[in-house]
Amino acid sequence: MILGIESSCDDTSAALVQDGVVLGQLISSQSEIHREYGGVVPELATRQHLRNLIPVTDQLLRMTGVSASDLDAIAVTRGPGLPNALRTGYAFAGGLALRLDRPLLGIHHHEAHLFSPFLAGNPAQWQLTDADFPFIGLIVSGGHTMLVQVRHIGDYSIIGRTIDDAAGECFDKVAKLIGFPYPGGPHIDRMSRQGNPKAYRFPRPMLHEPGFDFSFSGLKTAVRYFLRDHPGLLESESTRADLCASVQEAIVEILTAKSIQACLTMDCRTLIASGGVIANLGLRQRLQKHCQMHGVRFRASELSFSTDNAAMVAALAEARFKVNPEGASTDLNSEILASWSLEDCFLSRPVTETGNQA
Ligand code: KG4
Ligand code: ZN
């Protein structure tokens, strides 16, 4: 039984996972607190995590009828993320591990997102098999946008990433220009459903350039100038919807084209998509359709596991522990890793009697 703790940004979350089954999860969201500032304020996030970690964990244990002594390990997000936000969860998890004399499993935030689509069903269950490898992982959230070649758990190459804003950041910044509250991504998603995606043509930065990197800051700037030149556009509900749909169309087209290109170029016939932006209906539908057209298997995280959550942390920790218990465990004297590359969480697999890796 593994307790997972997540506090890398603005959600405090705790979850319990046993044999791949999510026994329970609680998420205390802080979006109401950060909304009036138009973005996450690190100091406020830290204070909220400190307030929330104990009651959220306590409530989770009561809710599931599990006592702390039943826990076999404590998993926690070690990085990357907001340094002091990470520290709150890491110190809490380390303290618990020390008190209970159990292993501490420090988890990479992007690695947890990467595998979150393998949590599915009700109750949610870890559904990853060897047949799922290799795959291309698309991670799209407020802080990161990247394409990863995944050979196995703990064996990754980042093949593309944003060179400026993340896709979610672009959604949020454009939403702010339109007048939606933070985070604006879901508002653009909702408005887009009534709009015409071909009404206005916005640039698709780097779409036709070789490689798998992304760039979204030019798109936000293009929308800013477009609104300056068409000041009345936001007054009508229908032109506002057209604007949302047209911006979303540009983002969706870029993400879909680069993901499919990555699958075909790297000869990976599976695309696994995760992160907060994958909640976007237009993006999910387009990825699904294009994967089908190119014979690529597609899987995206369920909505409850697409934004930051502790179930993905605990489930991945359990899977890593099964691959290599020693390699997956973290020293209690260790620190958080606020800037940590996914490629640096390598996990060696035990060698079998035949000399092959398990
Ligand atoms: O993964 P996440 O919860 O936090 C980070 O680790 O960043 O992602 C949050 C991001 C925000 O930028 C939010 O606007 C975006 O995901 N988002 C969406 C939608 N739902 C959340 N963007 C577009 N459409 C949505 N439906
Ligand atoms: Zn995240």
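**Notebook: ligand 1 and three single residues**

I began with the surroundings of ligand 1 and found 20 residues around it, of which Gly-142, Asp-172, Asp-189, Gly-276 and Asn-280 come nearest; a residue counts as near if one of its heavy atoms lies within 4 Å. I note that this is a predicted model, in which local features need pLDDT of at least 70 and side-chain atom pairs count only at pLDDT 80 or more, while totals for chains, interfaces and linings use all residues. Residues are numbered from 1 along each chain as its sequence is written, chains are lettered from A and ligands numbered from 1 in the order in which they are written, and side-chain values use heavy atoms, with hydrogens and water left out.

I then sorted the shell around ligand 1 by class and recorded 5 nonpolar, 12 polar and 3 charged residues; here Ala, Val, Leu, Ile, Met, Phe, Trp, Tyr, Cys and Pro count as nonpolar, Asp, Glu, Lys and Arg as charged, and the others, Gly among them, as polar. Helix H4 (109-115), helix H5 (167-178) and helix H6 (185-192) each give at least two residues to this shell, helices being DSSP runs (H or I) of at least four residues, numbered from the N terminus.

Next I looked up polar contacts, that is, pairs of N or O atoms within 3.5 Å, where within protein one must be able to donate a hydrogen and the other to accept it, and residues adjacent in sequence count only if both atoms are side-chain atoms. A nitrogen atom of ligand 1 lies 3.0 Å from a side-chain N or O atom of Asn-280, and an oxygen atom of ligand 1 lies 3.2 Å from a backbone N or O atom of Gly-168. For Asp-308, I found a side-chain N or O atom 3.3 Å from an oxygen atom of ligand 1.

I turned last to single residues, calling them buried under 20% relative accessible area, exposed over 50% and partly exposed in between (1.4 Å probe, protein chains only).

Is Phe-216 buried or exposed? Phe-216 is buried because its relative accessible area is 0%; it lies in the loop between H6 and helix H7 (217-229), and its C-alpha atom is 8.0 Å from that of Ile-251, 35 residues apart along the chain.

Phe-346, in the segment after helix H11 (325-328), is exposed, because its relative accessible area is 54%.

Ser-334 also belongs to the segment after H11 and counts as buried at 19% relative accessibility; its side chain reaches the backbone oxygen of Asp-331 at 2.5 Å.
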